[in-house]
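This report describes how the strands, a helix and the nonpolar side chains of one protein model fit together.

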Amino acid sequence: MIAPWLETTLSTILSRYPLENIFNADEFDLFYQCLPDKSLHLKNEKGIGGKHSKVRLTGMAAGNVKGERLSMFVIGKSKSPRCFKGVKNISCRYRAQPKSWMFAELFEEWVKEIDLNFSFQKRKIALIVDYCSAHPNVQKLDWVELIFLKPNTTSITQSIDQEVIRSLKAKYRSLAVKKQIA
């Protein structure tokens with residue numbers, strides 16, 4: 001069922017856009033206080049486990065095949081996090097939500113902002129997102145065409161999950177471990 005849709009419907013829609021105007025977006029969770037679950041220890045030492053922190057951020061990353069990235073959208077619990085104290089500009093859009101989850105109003109706000117940014121460039125784009133209740137079909141977009149993937153196909157069809165988000169999380173974990181060691 002997935003293959004015919006990918007070969008016919010998706011390719012027909014995307015044939016109207018050059019590669020640099022096709023963006024793929026997806027959300028990811030970052031349990032930023034969670035330390036690595038594997039560590040080095042001597043063979044005769046016993047590894048000691050513990051509970052993992054459930055404190056998290058939700059991020060929305062988007063990019064195209066040419067390497068162009070859209071501004072990241074981050075959702076946290078705190079309306080004014082301490083880490084932002086004294087910071088005038090951050091390189092992403094940050095919003096607060098009690099459970100740090102994406103929901104329809106936040107998604108719509110993010111997509112409308114992207115539409116406004118591309119209106120200045122006079123550039124029409126296709127934005128591929130997964131199908132879920134937090135991603136509504138946003139109306140009155142002039143420069144962004146939302147393309148929803150079929151339900152339960154994200155792991156197969158979204159390259160941003162397997163490449164970009166995995167790399168982003170790996171980089172974060174690497175920096176977190178280096179900071180702990182220092």
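Two strands are taken as paired when DSSP finds at least two bridges between them. The model is predicted, and the strand pairs below are read from it on that basis.

**The sheet**

The strands β5 and β6 pair in the parallel sense, over five bridges. Within this pair, Leu-127 has Leu-146 in β6 as its bridge partner. Strand β1, residues 22-30, pairs with β2 in the antiparallel sense over eight bridges. Asn-24 has its bridge partner in β2, namely Gly-63. On to β3, residues 72-76: β2 and β3 are also paired in the antiparallel sense, here over three bridges, and Thr-58 stands opposite Ile-75 in β3.

These pairs belong to an open sheet of six strands with mixed pairing, in the order β4-β3-β2-β1-β5-β6. The edges are taken by β4 (92-96) and β6; each has a single partner strand, so one side of each is left without a neighbour in the sheet. On average, neighbouring strands of this sheet are turned by 25° against each other, direction ignored. Strand β2, which spans residues 57-64, is mostly covered, with seven of its eight residues buried.

**The helix on the sheet**

Helix α2 lies across β1, β2, β3, β4, β5 and β6. With respect to β5, α2 runs at about 160°.

**Nonpolar cores**

The largest nonpolar core has 22 residues. Those with the most contacts inside this core are Met-102, Phe-107, Trp-110, Val-111, Ile-114, Leu-127 and Leu-146. Two or more residues each come from β1, β2, β3, α2 (104-121), β5 (125-129) and β6 (144-148). The helix α2 gives the most, with six residues. Leu-127 and Leu-146, both listed among the residues with the most contacts in the core, are also the bridge partners named above.

Ile-114 touches Leu-70, Ile-125, Leu-127 and Val-144, when residues up to four places away in sequence are not counted. A second core, separate from this one, has eight residues, among them Leu-14, Tyr-17, Ala-126 and Leu-149.

**Aromatic pairs**

How many aromatic pairs does the count come to? The count comes to two aromatic pairs, and they are set out below.

| Pair | Centre to centre | Angle between planes | Arrangement |
|---|---|---|---|
| Phe-23 and Phe-118 | 5.7 Å | 55° | tilted |
| Phe-107 and Trp-110 | 6.2 Å | 45° | tilted |

The pair of Phe-23 and Phe-118 links distant parts of the chain: Phe-23 is in strand β1 and Phe-118 in helix α2, 95 residues apart. Both Phe-23 and Phe-118 are buried.

Phe-107 and Trp-110 are three residues apart in helix α2, so about one helical turn separates them. Phe-107 has a relative accessible area of 0% and therefore is buried. Trp-110 is likewise buried, with a relative accessible area of 2%. The cut-off behind both statements is that buried means under 20% relative accessible area. Phe-107 and Trp-110 are also among the residues with the most contacts inside the largest core.

Methods: Residues are numbered from 1 along each chain as its sequence is written. This is a predicted model: local features need pLDDT of at least 70, side-chain atom pairs count only at pLDDT 80 or more; totals for chains, interfaces and linings use all residues. Side-chain values use heavy atoms; hydrogens and water are left out. Buried means under 20% relative accessible area, exposed over 50%, partly exposed in between (1.4 Å probe, protein chains only). Helices (H or I, at least four residues) and strands (E, at least two) are DSSP runs, numbered from the N terminus. A nonpolar core is a set of buried Ala, Val, Leu, Ile, Met, Phe, Trp, Tyr and Cys residues joined through side-chain atoms within 4.5 Å. Contact means heavy atoms within 4.5 Å. Rings of Phe, Tyr and Trp (its six-membered ring) pair if their centres lie within 6.5 Å; planes under 30 degrees apart count as stacked, over 60 as edge-to-face and the rest as tilted. Axes are lines fitted to C-alpha atoms, for helices over the stretch in contact, and angles run from 0 to 180 degrees between N-to-C directions.
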